[in-house]
Amino acid sequence: MTAKKGFLLLLIAALVAAFFLFDLGQYLSLDYLKSQQAAFQELAGEHPLRVLGGFFVLYVLVTALSLPGAAILTLAAGALFGFWWALLLVSFASSLGATLAFLASRFLFQDAVQQRFGERLKKINAGVEKDGAFYLFTLRLIPVFPFFVINLLMGLTPIRTGTFYWVSQLGMLAGTAVYVNAGTQLGQLESLSGILSPGLIGAFALLGLFPWLARLPVRLWQTRRIYQGYQKPRHFDRNLVVIGGGSAGLVSAYIGATVKAKVTLVEQQRMGGDCLNTGCVPSKALLKSARIAHLEKQAHHYGFRSIANEFDFSDIMARVQRVISKVEPHDSVERYTGLGVECLHGHARLISPWEVEVDNSTEGNEGTIRLTTRSVILATGASPLVPPIPGIDQVRALTSDTLWELTALPERLLVLGGGPIGCELAQAFSRLGSQVTQVEMQSRLMPREDEDAAASVTAALEDSGVRVLTEHKALRFSVENGTSQLHVEHRDQESVLPFDAVLVAVGRRAHTEGLGLSALGITTRANGTIEVNERLQTRFPNIYACGDVAGPYQFTHTAAHQAWYAAVNALFGRLKSFKVDYRVIPWATFTSPEVARVGLNEDDARQQGIPYEVTKYGIDDLDRAIADGVDQGFVKVLTEPGKDRILGVTIVGESAAELISEYVLAMKHGLGLNKILGTIHIYPTLSEANKYAAGEWKKNHKPERLLRWVERFHAWQR
Ligand SMILES: Cc1cc2nc3c(=O)[nH]c(=O)nc-3n(C[C@H](O)[C@H](O)[C@H](O)COP(=O)(O)OP(=O)(O)OC[C@H]3O[C@@H](n4cnc5c(N)ncnc54)[C@H](O)[C@@H]3O)c2cc1C
């Protein structure tokens with residue numbers, strides 16, 4: 001604490017202590033006021049200005065120091081100066097005093113509180129920044145909330161001082177008028193409860209409700225303004241048009257059809273989107289083949305001298321396509337048509353908030369068609385980001401979109417990017433026999449995960465034969481004597497990496513081109529995703545976005561999760577709408593070992609200033625993992641210090657993505673480690689690791705004192 005803060009705190013403490021020590025509160029009671037009413041009135045008659053000024057200063061002091069007595073002073077003002085003068089005086093004095101208390105609280109405590117609870121206060125801060133004046137106005141109107149508490153708490157929030165002042169003055173005006181008016185009747189009042197009669201409290205509560213009720217017409221007016229200039233169709237052909245037939249779009253359409261809405265789904269390429277055609281499904285199929293190829297190198301661990309490992313890469317890629325074909329019916333036009341969804345093939349574009357144009361002229365059909373709809377869901381996904389590195393167009397740059405067309409294994413594969421997609425594919429190609437070099441600009445692979453998890457993946461990749469180059473910046477591509485190469489910079493040293501093919505996996509950009517967004521003023525964020533609110537609405541309340549195109553996550557399961565909210569809000573939002581629940585979101589990277597996570601990791605907790613305890617269980621100790629030869633990795637659980645509340649879990653190891661589900665369930669339903677420990681897990685399984693991690697936590701929290709007594713009990717029993 002700085003000297004200035006210390007001094008102010010001391011001064012306030014001394015003044016408040018003096019108030020109570022000298023029992024000054026006795027002069028701020030109704031009895032005293034009534035007994036001295038005549039004398040005060042005489043004084044005010046003789047020296048009106050001095051009395052007015054003195055009273056003003058006294059009032060400001062009492063409210064600024066949050067002393068009890070402001071209500072009595074308000075009554076006194078009414079009795080002494082009459083209604084209008086008293087209202088003027090008290091209105092300004094109370095607002096000034098409240099603002100001083102607010103400023104003192106802000107000066108003394110705001111930094112410390114925001115630093116300590118910053119992350120947890122994020123939502124409140126955002127709410128206050130957006131609607132702070134509105135909340136304050138409501139609080140001021142309802143006298144059941146103590147004024148001094150509001151002053152002090154508001155000081156801790158980011159509300160502006162000027163806003164605080166004027167909203168306080170305006171909000172307190174009605175209450176001040178009631179008290180001042182009561183003061184003019186002071187002669188007949190016997191106690192403060194006379195003022196706070198149930199009828200009067202009811203009237204105040206109603207006043208408090210007023211701003212909330214006032215929101216409705218304000219919202220209606222805002223909505224009208226947004227839609228101004230667009231002709232709303234009298235009738236709609238459909239309830240819902242979904243643009244994009246990937247994970248997000250399919251689930252949206254499915255929900256719409258299930259609840260008997262008339263739904264049209266438009267897909268311009270292949271149903272199933274990225275996940276089925278170029279993402280999760282082919283990558284996992286390839287990883288499985290790569291795993292089997294890797295078994296050759298591991299054969300001796302399992303008692304084999306060798307395992308024949310003959311394959312042709314084209315057969316492996318053919319299997320990948322067979323896997324896609326086998327999953328395809330789940331996402332097919334036939335299935336969705338059977339569910340009651342109208343499926344159209346073509347490029348869709350927004351024409352107005354209620355009209356979508358579909359260009360299906362490529363089909364040899366009638367060209368473009370226009371659909372009218374009450375709601376639209378944009379689920380157009382994302383595409384691999386290809387950075388504008390000089391010379392990139394001269395080399396064979398593959399992305400996760402084009403990689404699946406390969407029929408021959410590149411001898412030297414360069415993987416640009418150390419995120420989950422880059423790591424999974426680098427390991428797969430390396431295990432299949434490519435010489436893989438992976439280049440990452442940051443200091444480690446998988447920068448979203450904790451250092452220990454990233455280190456495990458790096459070690460596994462290197463073990464698979466990948467040359468991992470971190471802190472390497474891609475400068476330019478070139479072709480020298482027919483050899484493609486990447487020029488990289490590492491600690492001011494430039495070097496050259498030759499390759500036969502380069503896989504660019506440096507991130508994914510939301511797919512928004514050609515959707516008609518800018519004509520409608522639908523905005524995107526800096527990272528390219530469509531700007532939506534917590535209910536997934538764009539600036540037009542009937543146009544929603546979900547999945548990769550909306551972010552913030554880019555996974556199939558989060559796309560499906562959001563799709564539920566988008567579809568339900570789009571179809572029923574006029575009756576009831578829901579904010580997306582992002583509290584327990586799991587994800588995994590499917591390298592060997594896998595890395596799975598739910599909730600916070602240590603990096604997140606530190607950045608957000610959230611205190612945590614770590615419990616770590618090493619999977620190298622787990623019977624089943626030893627038997628299977630996969631005894632690597634760990635289960636790391638973050639808990640609230642001293643409490644059985646799970647904040648987050650990272651699992652590194654074989655089948656980590658499956659194991660984490662138990663913790664996802666626990667976190668979702670508020671179950672702690674005691675509950676996991678008390679659950680029977682089959683022996684010998686990998687899932688026992690979850691229970692052993694809970695056991696570690698329990699060991700670290702055993703009741704030492706009680707155990708000492710138990711020890712004595714046993715000694716006595718002997
Ligand atoms: C290599 C790789 C591996 C992955 N692995 C996993 C994984 O293991 N687990 C996981 O959860 N996630 C994984 N993902 C991410 C996952 O694939 C995406 O998060 C998911 O596909 C997003 O679904 P979506 O519906 O938002 O978008 P998409 O699946 O991209 O679907 C969008 C669809 O919209 C269509 N479209 C776009 N514009 C228009 C238009 N104007 N008119 C009509 N149609 C349009 C597109 O053609 C596309 O089919 C992986 C991604 C990649 C690239």
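User: Hello! Where is Lys260 found?
Analyst: Welcome! This is a predicted model, and Lys260 makes a good starting point in it. Just after helix 9 (residues 247-258), the backbone of Lys260 takes a positive phi. Lys260 is found in the loop between helix 9 and strand 2.

User: What is the phi of Lys260, given that the residue is not a glycine?
Analyst: Lys260 belongs to the loop between helix 9 and strand 2. Although Lys260 is not a glycine, its phi is positive, with a value of about 70 degrees.

User: Is Lys260 buried or exposed?
Analyst: The cut-off for exposed is a relative accessible area over 50%. Lys260 has a relative accessible area of 75%. Because 75% is over that cut-off, Lys260 counts as exposed.

User: How many of the 12 residues of helix 9 are buried?
Analyst: Helix 9 is described as mostly covered. Its buried residues include Leu250 and Ile255, along with Ser247, Ala248 and Gly249. Ser252, Ala253, Gly256 and Ala257 are also on that list. Of the 12 residues, the number buried is nine.

User: Which helices and strands do the buried residues of helix 9 pack against?
Analyst: The buried residues involved are Ser247, Ala248, Gly249, Leu250, Ser252, Ala253, Ile255, Gly256 and Ala257. Their packing partners are strand 1 (238-243), strand 2 (263-267), helix 10 (273-277), helix 13 (333-339), strand 6 (368-378) and helix 17 (556-572).

User: What distance does helix 9 reach from its first C-alpha to its last?
Analyst: Helix 9 covers residues 247-258, which is 12 residues. At 1.5 Å a residue, 16 Å is expected, and the helix comes close to that. The reach from first C-alpha to last is 16 Å.

User: What is the phi of Glu471, and how exposed is the residue?
Analyst: Glu471 sits in the loop between strand 11 (467-469) and strand 12 (473-480). Its phi is near 50 degrees, a positive value in a residue other than glycine. Since partly exposed runs between the 20% and 50% cut-offs, the 30% relative accessibility of Glu471 makes it partly exposed.

User: Which residues is Ala474 in contact with, leaving aside neighbours within four places in sequence?
Analyst: Ala474 is found in strand 12, and at 22% relative accessibility it counts as partly exposed. Its C-alpha lies 8.5 Å from that of Glu440, a residue 34 places away in sequence. The contacts of Ala474 are Ile389, Leu416, Leu486, His487 and Val488.

User: Is Ala505 buried or exposed?
Analyst: Ala505 is placed in the loop between strand 15 (501-504) and strand 16 (508-510). It touches Leu416, Gly417, Ile421 and Gly422, not counting residues up to four places away in sequence. Buried means under 20% relative accessible area, so at 13% Ala505 counts as buried.

User: How many Å separate the C-alpha atoms of Ala505 and Pro384?
Analyst: Along the chain, Ala505 and Pro384 are 121 residues apart. In space, their C-alpha atoms are separated by 7.0 Å.

User: Which residue does a cis peptide bond join to Tyr683?
Analyst: The omega of this bond is about -10 degrees. The residue in question lies in the loop between helix 21 (673-677) and helix 22. It is Pro684.

User: Where is the place of Pro593, which a cis peptide bond joins to Ser592?
Analyst: The bond between Ser592 and Pro593 has an omega of about 0 degrees. Pro593 has its place in the loop between strand 18 (586-589) and strand 19 (594-599).

User: What is the relative accessible area of Glu688?
Analyst: Glu688 has its place in helix 22 (residues 688-700). Not counting residues up to four places away in sequence, it touches Leu622, His681, Ile682 and Tyr683. Glu688 is buried, and its relative accessible area is 6%.

User: What radius of gyration does the whole protein have?
Analyst: The protein has 23 helices and 22 strands, and its C-alpha trace spans about 110 × 90 × 60 Å along the principal axes. A compact globule of 718 residues would have a radius of gyration near 27 Å. The protein itself has 34 Å.

Conventions
Residues are numbered from 1 along each chain as its sequence is written. This is a predicted model: local features need pLDDT of at least 70, side-chain atom pairs count only at pLDDT 80 or more; totals for chains, interfaces and linings use all residues. Side-chain values use heavy atoms; hydrogens and water are left out. Helices (H or I, at least four residues) and strands (E, at least two) are DSSP runs, numbered from the N terminus. The radius of gyration is taken over C-alpha atoms; the globule rule is 2.2 Å times the number of residues to the power 0.38. The expected span of a helix is 1.5 Å times one less than its number of residues. Buried means under 20% relative accessible area, exposed over 50%, partly exposed in between (1.4 Å probe, protein chains only). Contact means heavy atoms within 4.5 Å.
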